[in-house]
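The exercises below concern one protein chain. Each gives a task and then a solution in steps.

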Amino acid sequence: MSTGLRLRFAVSEHVDKTDGSPEPYLGLEGIVGAVGALVQQDLPLKEATDSVRFQSGDVLFGKLRPYLAKAWHADRDGTATGELLVMRPGPEVDGRYLTYLALSRAWLEWAGVSAYGAKMPRSSWDAMRDFRLPAFSLDRQRTIAGFLDRETADIDAMIAKQEELVGLLGERRSAVIAHAVTKGLNPNAPLKDSGVEWLGDVPAHWGVKRLSWLFGLISSGTTPANEDQLEDDGDHYWVTTSELRERPIRHTRRMVSSETVEALSPLKLYPPGTLLIAMYGATIGRLGMLEVEACTNQACCAFAEAKGVLPEFAMYALLAAREHLLVLASGGGQPNINQDKLRSLRIPVPPVDEQEALVRHLKEVLDDMDAVVERTQESVGLMRERRAALISDAVTGRLDLDTYGRVEREGVA
């Protein structure tokens with residue numbers, strides 16, 4: 001790749017501050033990473049004195065954690081967070097091409113190496129201004145941008161179809177669970193009113209019980225005040241809500257020592273078979289099942305010592321109740337389900353032999369669905385990798401656009 005001008009000689013940074021009056025505002029979270037598009041087309045109005053102005057034709061790039069690859073070619077005027085670098089292309093640079101360049105491996109590597117800050121790396125104009133642009137004429141830049149517009153649109157359409165399939169399978173998964181744990185496997189079984197709004201009618205021979213009647217131990221955990229008490233290789237696993245993924249928990253990212261467990265009374269060791277549910281924030285309602293002895297942080301509620309219910313069946317019942325649990329969640333910025341609400345939650349309780357049959361049925365059906373979802377998500381990942389590689393190769397000249405088009409038409413690539 002031959003190199004041309006440094007960025008500062010072809011592009012200017014704009015840092016015009018706003019006066020705080022309500023204007024269309026773009027936050028860093030408003031740009032889709034690695035795609036070059038907005039999360040939603042309508043920008044909200046916001047009063048922000050620390051924002052910067054941009055105009056149609058500018059290219060915006062996320063300085064905070066530049067590896068997220070947040071870039072956008074503005075199609076309107078507006079204001080943006082100071083975490084976005086506002087670049088105005090000069091007469092020798094095409095804005096669409098510059099946007100694709102900002103998504104390329106070469107640009108992101110430069111931004112990453114020159115960023116400062118360990119936990120929250122941040123790039124800057126002072127660092128990016130010395131990036132050398134590929135030596136392409138304006139016409140060639142426009143040709144590359146047009147090529148990438150077409151090719152990435154095709155890839156994005158395929159990704160959208162695959163993601164739609166994942167969404168439909170997720171809805172189907174939820175429906176299968178809800179039907180199984182509320183109606184059972186016998187379509188001819190007589191029904192009765194459960195007396196619980198989210199449950200509706202259930203088979204007449206089933207019970208409906210509070211979770212507090214079904215588990216001998218319902219409790220939580222804590223986070224050690226001293227960060228040094230959390231270890232990468234300790235005596236006991238320590239579960240956080242990020243590890244609740246509706247899957248068996250066999251290991252955790254962090255661990256604690258036996259001394260820490262003994263010193264902190266809220267840190268209880270729960271046995272294998274303990275059901276865990278997230279009580280706070282974005283992960284609220286997430287579930288997991290211990291396959292090893294472990295303790296938890298304060299955001300996990302643990303259900304141990306099951307009585308008359310299989311923990312696996314209870315997990316499926318709680319999955320079916322998730323929407324109801326979200327309604328019960330209280331709080332403003334940090335919604336939560338407290339232990340009292342969880343203790344009083346009533347779930348269906350079939351005879352144990354039916355619970356076993358339902359667990360087997362759901363595992364078989366859901367395993368098949370999950371396998372399809374996993375394959376689909378792998379396909380989406382490969383398409384995203386192809387998209388990123390295509391952009392990098394095209395904007396730097398490593399890809400011969402004419403050859404690429406001919407090979408694609410002949411079905412070789």
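Two strands count as paired if DSSP finds at least two bridges between them. The model is a predicted one.

**Exercise 1. Find the strands that pair with β17, and say what stands opposite Trp 238 in β19 and in β22**.

Solution.
- Step 1. Strand β17 covers residues 236–239, and three bridges join it to strand β19, residues 254–256. These two strands run antiparallel.
- Step 2. In β19, the residue opposite Trp 238 is Arg 254.
- Step 3. Three bridges also join β17 to strand β22, residues 294–296, and here the strands run parallel.
- Step 4. In β22, Trp 238 stands opposite Cys 295.
- Result. β17 pairs antiparallel with β19 and parallel with β22.

**Exercise 2. Describe the side chains of strand β20 and its pairing with β21 and β23**.

Solution.
- Step 1. In a regular strand, side chains alternate between the two faces of the sheet.
- Step 2. β20 spans residues 275–278; Leu 275 and Ile 277 point one way, and Leu 276 and Ala 278 the other.
- Step 3. Are these residues buried or exposed? All of them are buried.
- Step 4. β20 is joined to strand β21 (residues 287–290) by three bridges, and the two run antiparallel. Leu 275 stands opposite Met 289 in β21.
- Step 5. With strand β23 (residues 300–306), β20 pairs over four bridges, in the antiparallel sense. The bridge partner of Ala 278 in β23 is Cys 300.

**Exercise 3. Decide whether Cys 300 is bonded or not bonded to Cys 301**.

Solution.
- Step 1. A disulfide is a covalent bond between the sulfur atoms of two cysteines. The cut-off for the sulfur pair is 2.5 Å.
- Step 2. The cysteine sulfur closest to that of Cys 300 belongs to Cys 301 and is 9.0 Å away, which is too far for a bond.
- Step 3. Cys 301 is likewise in no disulfide, with the sulfur of Cys 300 as its nearest cysteine sulfur.
- Step 4. Cys 300 is buried, at a relative accessible area of 0%. Cys 301 also counts as buried, at 0% relative accessibility.
- Result. A search of the whole structure finds zero disulfides.

**Exercise 4. Give the strand order of the open sheet that contains β3, and identify its edges**.

Solution.
- Step 1. Four strands make up the open sheet, in the order β6-β3-β10-β7, with mixed pairing.
- Step 2. Which strands stand at the edges? They are β6 (45–46) and β7; each has a single partner strand, so one side of each lacks a neighbour in the sheet.
- Step 3. At the β6 edge, two bridges join β6 to strand β3 (residues 23–26), and the strands run antiparallel. Pro 24 has Leu 45 in β6 as its bridge partner.

**Exercise 5. Classify the aromatic pairs Phe 54 with Trp 72 and Tyr 97 with Phe 136, and place them in the chain**.

Solution.
- Step 1. An aromatic pair is described by the distance of the ring centres and the angle of the planes. Planes over 60 degrees apart count as edge-to-face.
- Step 2. The count for the protein comes to six aromatic pairs.
- Step 3. Phe 54 and Trp 72 lie 5.8 Å apart, centre to centre, with 85° between the planes, and the pair is edge-to-face.
- Step 4. Phe 54 belongs to strand β7 (residues 52–54) and Trp 72 to strand β9 (residues 71–73), so the pair ties together parts 18 residues apart in sequence. Both residues are buried.
- Step 5. Tyr 97 and Phe 136 are also edge-to-face, at 6.2 Å between centres and 90° between planes.
- Step 6. Tyr 97 is in helix α2 (residues 95–102), and Phe 136 is in the loop between β12 (132–134) and α5 (138–183); the pair links parts of the chain 39 residues apart.
- Step 7. Tyr 97 is buried, with a relative accessible area of 3%, whereas Phe 136 is partly exposed, at 22%.
- Step 8. One aromatic cluster is formed by Phe 61, Trp 107, Trp 110 and Phe 131.

**Exercise 6. Summarise the confidence and overall make-up of the model**.

Solution.
- Step 1. The mean pLDDT is 92, and 96% of the residues reach 70 or more. Over residues 406–413 the pLDDT is below 50, and this stretch has four contacts in the model beyond near neighbours in sequence.
- Step 2. The secondary structure comes to 12 helices and 24 strands.
- Step 3. Of the 413 residues, 45% are buried.

Conventions:
Residues are numbered from 1 along each chain as its sequence is written. This is a predicted model: local features need pLDDT of at least 70, side-chain atom pairs count only at pLDDT 80 or more; totals for chains, interfaces and linings use all residues. Side-chain values use heavy atoms; hydrogens and water are left out. pLDDT is the predictor's confidence in each residue, from 0 to 100. Contact means heavy atoms within 4.5 Å. Rings of Phe, Tyr and Trp (its six-membered ring) pair if their centres lie within 6.5 Å; planes under 30 degrees apart count as stacked, over 60 as edge-to-face and the rest as tilted. Buried means under 20% relative accessible area, exposed over 50%, partly exposed in between (1.4 Å probe, protein chains only).
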